[in-house]
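This note is addressed to a colleague who is opening the structure for the first time. The points below are numbered so that each can be checked against the model in turn.

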Amino acid sequence: MTRSRSWLFVPGDDPRKIGKALAGPADRVILDLEDAVAPTKRAGARALVADTIAALATENRERVCVRINPWQEDAANDDLQALKATLPASIMLPKVRSIDDLRAVDSILSQLESDTGQPTTKVIALVTETVSMTATMPAMPSPPKRVAALTWGGEDLSAALGASANKFADGRWLPTFEFARVQCLLAAKRFGLHAIDTLYTDFRDGEGMQQHANAALRDGFDGVLAIHPAQIDPIHSAFTPDAASVAHARRIVAAFAANPDSGALQLDGRMIDRPHLIQAQKILNRLE
Ligand code: COA
Ligand code: MG
């Protein structure tokens, strides 16, 4: 996938916010047809989203994702029908219940693509919004090829469980939600997909957002969801390595390049081996 650190949600019925999101620095913009749009506004939102995609400049095409409604609701099919002439680069599928939902969406998209001669639409799966999917993730079979990323959310899982909170007072996830987050991360990595951490709801809390984004990177996530333009800078700053880490990573790569026959070396009195080289390369890749 092209650069995809930050994923900004925008209600699909709000032309002003859509314009701002596309003009702003978010790597990806998610035009929402699901929870951010009242059912009475859905038809209008579908038309606005389809027109927005049709009018996108080529360089913006890859940036736009559309969150459709859950596969278990008729609205999902109406969403896809409204989008079929202008399929977005990616679709986010919420409230996934099992691999069957992903397979069903895969086959409909394949049909639409072959009917209209459009390129492959990727799928981003929200895998922790139903109890069935969350509970069975370690046994999930390999998803269809078009699934490019997995992400998770704590709000719909709370509702599905009947839980009255998802965080401790100090902001850490309660165990069930930490479990869901870890399952999402592990499943994504198991299948070589991007892992996208969930959003931080308190969008006026810049410091909290920064810690949230730092934790996402620290734990191995490749990106973070956002709901407000003010959350994009903290995400990019978390995912941009500082000068000291870049310099250190370059020294590790140089040390191995200078000693191609050594598996383990020392740098400043510390042992470095293959995992350190992989980490160093990951840091340097983030510069691009
Ligand atoms: N994308 C683009 N622009 C946004 C935005 C977003 N997600 N959220 C806010 N803005 C814009 C506002 O329009 C406003 O611009 P303006 O003054 O030029 O009109 C500016 O940023 C500041 O917004 P602010 O006043 O701080 O917030 P708000 O009260 O307008 O909106 C929310 C708050 C939460 C309603 C809004 O951030 C939002 O709609 N977020 C996305 C919700 C969503 O999609 N949820 C689904 C996933 S959970
Ligand atoms: Mg939701």
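1. A polar contact, as the term is used here, is a pair of N or O atoms within 3.5 Å. In this predicted model, such a pair joins ligand 1 to His228: an N or O atom of the His228 side chain is 2.7 Å from an oxygen atom of the ligand. Lys20 also contributes through its side chain, with a polar atom 2.8 Å from an oxygen atom of ligand 1. Phe9 takes part through its backbone, where a polar atom lies 2.8 Å from a nitrogen atom of the ligand. On its own, ligand 1 has 890 Å² of accessible area, and the protein covers 66% of that area.

2. Which residues come nearest to ligand 1? They are Phe9, Arg16, Lys20, Ile227 and His228, out of 17 residues around the ligand. By class, the shell is made up of 10 nonpolar, six charged and one polar residue.

3. The magnesium ion, ligand 2, has Asp35 and Asp156 as its protein donors. Each is listed with an OD atom, and the distances run from 2.0 to 2.1 Å. Asp35 belongs to the loop between β2 (28-32) and α2 (42-54), whereas Asp156 belongs to helix α7 (residues 155-161), so the pair ties together parts that are 121 residues apart in sequence. Asp35 counts as partly exposed because its relative accessibility is 47%, between the limits of 20% and 50%.

4. Asn69 should be examined together with Asp35: the two are 34 residues apart along the chain, and their C-alpha atoms are separated by 8.2 Å. Asn69 sits in the loop between β3 (64-67) and α4 (74-83). Is Asn69 buried or exposed? With a relative accessible area of 1%, Asn69 is buried. Its side chain reaches the backbone oxygen of Leu33 at 3.1 Å and makes a polar contact of 3.3 Å with the side chain of Arg42. Beyond its neighbours within four places in sequence, Asn69 is in contact with residues including Glu34, Asp79, Leu93 and Pro94.

5. Thr130 lies in the loop between β5 and α6 (131-136). The residue counts as buried because its relative accessibility is 11%, under the 20% limit. A polar atom of the Thr130 side chain is 2.8 Å from the backbone oxygen of Val96. Setting aside neighbours within four places in sequence, the contacts of Thr130 are Gln72, Lys95, Val96, Arg97 and Leu157.

6. Lys95, one of the contacts of Thr130, deserves a check of its backbone. Most residues other than glycine have a negative phi. Lys95, although not a glycine, has a positive phi of about 50°. Lys95 lies in the loop between β4 and α5 and is buried, with a relative accessible area of 16%. Asp268 likewise has a positive phi, near 55°. Asp268 is placed in the loop between β9 (265-267) and β10 (270-272), and this residue is exposed, with a relative accessible area of 54%.

7. Leu87 and Thr121 may be read as a pair, since Thr121 is among the contacts of Leu87 outside its sequence neighbours within four places. Leu87 is in the loop between α4 and β4 (90-93), and Thr121 is in the loop between α5 (99-116) and β5 (122-126). Both count as buried: Leu87 has 2% relative accessibility and Thr121 has 1%. Among the further contacts of Leu87 are Ile53, Arg61 and Gln118, while those of Thr121 include Pro88, Ile91 and Arg146. Leu109 and Glu113 are listed for Leu87 and again for Thr121. Leu87 is 17 Å from Glu34, C-alpha to C-alpha, with their positions 53 residues apart in sequence.

8. The last point concerns helix α10 (residues 232-239). How many of the eight residues of α10 are buried? Six are, and the helix is accordingly mostly covered. The buried residues are Ile232, Pro234, Ile235, His236, Ala238 and Phe239. Their cover includes β1, α9 (206-219) and β8 (223-226).

Definitions and conventions:
Residues numbered from 1 in each chain as written. Chains lettered and ligands numbered in written order. Predicted model: local features only at pLDDT ≥ 70, side-chain atom pairs only at ≥ 80, totals over all residues. Heavy atoms only, no water. Near = heavy atom within 4 Å. Polar contact = N/O pair within 3.5 Å; in protein donor to acceptor, adjacent residues only side chain to side chain. Areas by Shrake-Rupley, 256 points an atom, 1.4 Å probe, with all protein chains shown as cover. Nonpolar A, V, L, I, M, F, W, Y, C, P; charged D, E, K, R; others polar. Donors = N, O, S within 2.8 Å, 3.2 Å for Na, K, Ca; no water. Helix = DSSP H or I, 4+ residues; strand = E, 2+ residues; numbered from the N terminus. Buried < 20%, exposed > 50% of the residue type's maximum accessible area, 1.4 Å probe, protein only. Contact = heavy atoms within 4.5 Å.
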